[in-house]
Amino acid sequence: MSFSSKSFVLVTYFYLISRENVNRSYGVAARVHCKTVVAKIRYMDGAPIEDGFPAVKLFNQGYSYTYDDVIFHPGYIDFPADAVQLGTKLSRNVHLSIPCVASPMDTVTESAMAVAMATVGGVGIIHSNNSAAEQAALVRSAKSRRVPFVSDPVVKSAFDSVDSVSDFGSAPYVLVTESGTAKSKMLGVVLRSDWEKLSDKGVRVCEYMVSSPESVPASYDFEQVAGYLAAKKLSFVPLVRDDEVVDVVTTADVERIRGFPKLGMPSLDAKGEFLVGAAIGTRESDKERLEHLVKAGANVIVLDSSQGNSIYQIEMTKYAKKMFPEVDVIGGNVVTIRQAQNLIQAGVDGLRVGMGSGSICTTQEVCAVGRGQATAVYKVSSIAERSGVPVIADGGISNSGHIVKALTLGASTVMMGSFLAGSSEAPGAYENKNGLKIKKYRGMGSLEAMTKGSDARYLGDTAKLKIAQGVVGAVADKGSVLKFIPYTMQAVKQGFQDLGASSLQSAHDLLRSELRLEVRTGAAQVEGGVHGLVSHEKKYF
């Protein structure tokens with residue numbers, strides 16, 4: 001019998017909810033709203049029509065789903081998008097204002113990215129594809145700052161000369177220190193305008209530098225520095241700590257930052273310093289690295305492995321928690337309940353979920369192991385939630401919709417690689433290719449990255465033959481994290497509003513109750529994106 005020829009009846013139950021306090025805050029008279037609690041559609045013969053499926057049913061049918069495979073049904077809206085709260089936990093004891101984490105990859109997160117992510121309320125995990133001393137220095141560099149970026153001033157000693165205008169780069173100055181590096185006492189500054197007036201450009205800078213220039217303590221935050229520049233009518237000012245130059249802020253920097261969306265609540269630790277995480281491996285030498293990082297001030301440690309369910313990671317977790325109980329340890333990567341249970345029992349404070357879902361990762365192709373990211377996040381979150389262990393959805397994030405899906409399916413944060421690569425804060429220099437501004441982005445399982453030591457992440461550092469589980473590529477310029485992350489978070493808020501979730505906890509509660517999902521066919525996925533146009537330009541903000 002066809003649907004059109006069959007009679008059906010809709011039975012809907014309502015309850016009244018008072019919005020007096022909410023409406024008063026918006027300057028509207030108190031109103032009473034009706035909210036649909038249960039809607040059952042039945043044929044006259046009593047057979048139910050299912051309007052979507054609960055997550056527990058959808059994800060227990062033997063299929064491995066990615067984010068694009070699933071779609072949520074909209075919920076009931078009784079709040080504005082700006083009322084959505086995105087505050088969350090990275091791990092048991094580390095809180096963030098937004099659910100964003102920069103991945104510990106050597107083409108994604110060093111000190112500049114860590115500073116920018118902490119500024120917008122997230123956190124950056126500094127990679128370990130370097131020596132322990134180099135990684136600790138990156139942690140110290142990020143934690144020593146209060147302004148939302150890392151400058152890279154040109155520094156010379158008093159006996160050097162400025163040979164060409166290119167020595168200034170884009171800056172109107174060159175700093176002069178005792179050793180010719182930022183890690184020594186500042187003696188003066190060479191102004192580009194003064195250098196241009198010289199008849200003999202080869203003269204030593206000590207003969208015409210401005211001695212004892214104005215400076216401010218490195219403890220000044222952005223607004224304090226901006227206020228100082230304005231009050232003193234300066235074009236730039238060095239930020240100094242213990243005679244060392246930490247940063248230089250120019251009026252151009254101030255104008256650039258103020259052109260971005262208003263900065264929200266930064267991620268700070270108990271000392272008022274930026275929250276910064278760091279990755280380590282599971283080898284014996286990583287115990288020494290761990291000590292260096294904790295001394296440098298790392299607030300959270302990520303055990304970085306493509307397959308975290310190993311005796312090596314379990315033993316490293318226990319060691320780290322015994323030696324540094326005050327520092328949260330995040331384990332992973334995992335994609336199954338069994339993997340997660342082993343690491344939870346070992347004592348991890350957070351779990352990183354994902355295997356082979358990253359854009360530059362080939363683990364599923366090469367090793368035939370892994371899981372669709374939507375399924376992995378749902379399954380692991382379901383068991384981790386019982387132990388109070390937050391989940392990081394790592395990989396597969398290409399747009400704000402993927403973030404909404406990851407968080408709603410149980411994750412507390414999302415870890416991003418390609419989404420942040422190509423930004424001005426990512427390591428590396430921009431290149432031009434066919435008129436497009438790009439930056440290198442490589443998987444830590446690529447042979448190129450493995451030559452620097454990341455093979456330990458894939459338990460292949462002792463193997464005679466190296467097998468790649470990632471590729472080297474490039475991504476287009478994205479601009480500054482300080483601009484596109486706030487816009488992305490606004491899009492996430494709008495997604496939560498459509499779901500009827502006013503917070504991450506609310507989304508998780510909906511997942512376990514009335515939220516309904518469906519699987520999208522290939523045609524539905526095409527229809528859900530831009531289609532049917534000869535050409536278009538896709539801009540999200």
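Guide: In this predicted model, a residue is buried under 20% relative accessible area, exposed over 50%, and partly exposed in between.

Visitor: Is cysteine 206 buried, partly exposed or exposed?

Guide: The relative accessibility of cysteine 206 is 31%. The partly exposed class lies between 20% and 50%. Cysteine 206 therefore counts as partly exposed.

Visitor: To which class does cysteine 100 belong?

Guide: Cysteine 100 has 0% relative accessibility. Buried residues are those under 20%, so the class of cysteine 100 is buried.

Visitor: How many disulfides does the structure hold?

Guide: A disulfide is a covalent bond between the sulfur atoms of two cysteines. To be counted here, a pair of cysteine sulfur atoms must lie within 2.5 Å. The number of disulfides in the structure is zero.

Visitor: Over which residues is the pLDDT below 50?

Guide: For the protein chain, the mean pLDDT is 85, and 85% of its residues reach 70 or more. One stretch has a pLDDT below 50, although it has 53 contacts in the model beyond near neighbours in sequence. Where pLDDT is low, the predicted coordinates should not be read in detail. The stretch in question is residues 1-39.

Visitor: Which helix gives the most to the largest nonpolar core?

Guide: In soluble globular proteins, nonpolar side chains tend to be buried together. The largest nonpolar core has 86 residues, and those touching the most other members include Phe59, Ile485 and Phe496. Eight residues of this core come from its main contributor, helix 15 (residues 481-499).

Visitor: How many residues are in the second, separate core?

Guide: Val276, Leu293, Val294 and Ala298 are among the members of this second core. Its residue count is 24.

Visitor: With which side chain does the side chain of glutamine 339 make a polar contact?

Guide: Glutamine 339 lies in helix 10, which spans residues 337-346. Its relative accessibility is 7%, so glutamine 339 counts as buried. Beyond four places in sequence, the residues in contact with glutamine 339 are Asn309, Asn333, Val334 and Gln307. The polar contact, at 3.1 Å, joins the side chain of glutamine 339 to that of glutamine 307.

Visitor: What distance separates the C-alpha atoms of asparagine 342 and isoleucine 311?

Guide: Asparagine 342 is also found in helix 10; with a relative accessible area of 29%, asparagine 342 is partly exposed. Beyond residues up to four places away in sequence, asparagine 342 touches Asn309 and Ile314. Asparagine 342 and isoleucine 311 are 31 residues apart along the chain, and their C-alpha atoms are separated by 9.7 Å.

How values were computed
Residues are numbered from 1 along each chain as its sequence is written. This is a predicted model: local features need pLDDT of at least 70, side-chain atom pairs count only at pLDDT 80 or more; totals for chains, interfaces and linings use all residues. Side-chain values use heavy atoms; hydrogens and water are left out. Buried means under 20% relative accessible area, exposed over 50%, partly exposed in between (1.4 Å probe, protein chains only). pLDDT is the predictor's confidence in each residue, from 0 to 100. Contact means heavy atoms within 4.5 Å. Helices (H or I, at least four residues) and strands (E, at least two) are DSSP runs, numbered from the N terminus. A polar contact is a pair of N or O atoms within 3.5 Å; within protein, one must be able to donate a hydrogen and the other to accept it, and residues adjacent in sequence count only if both atoms are side-chain atoms. A nonpolar core is a set of buried Ala, Val, Leu, Ile, Met, Phe, Trp, Tyr and Cys residues joined through side-chain atoms within 4.5 Å.
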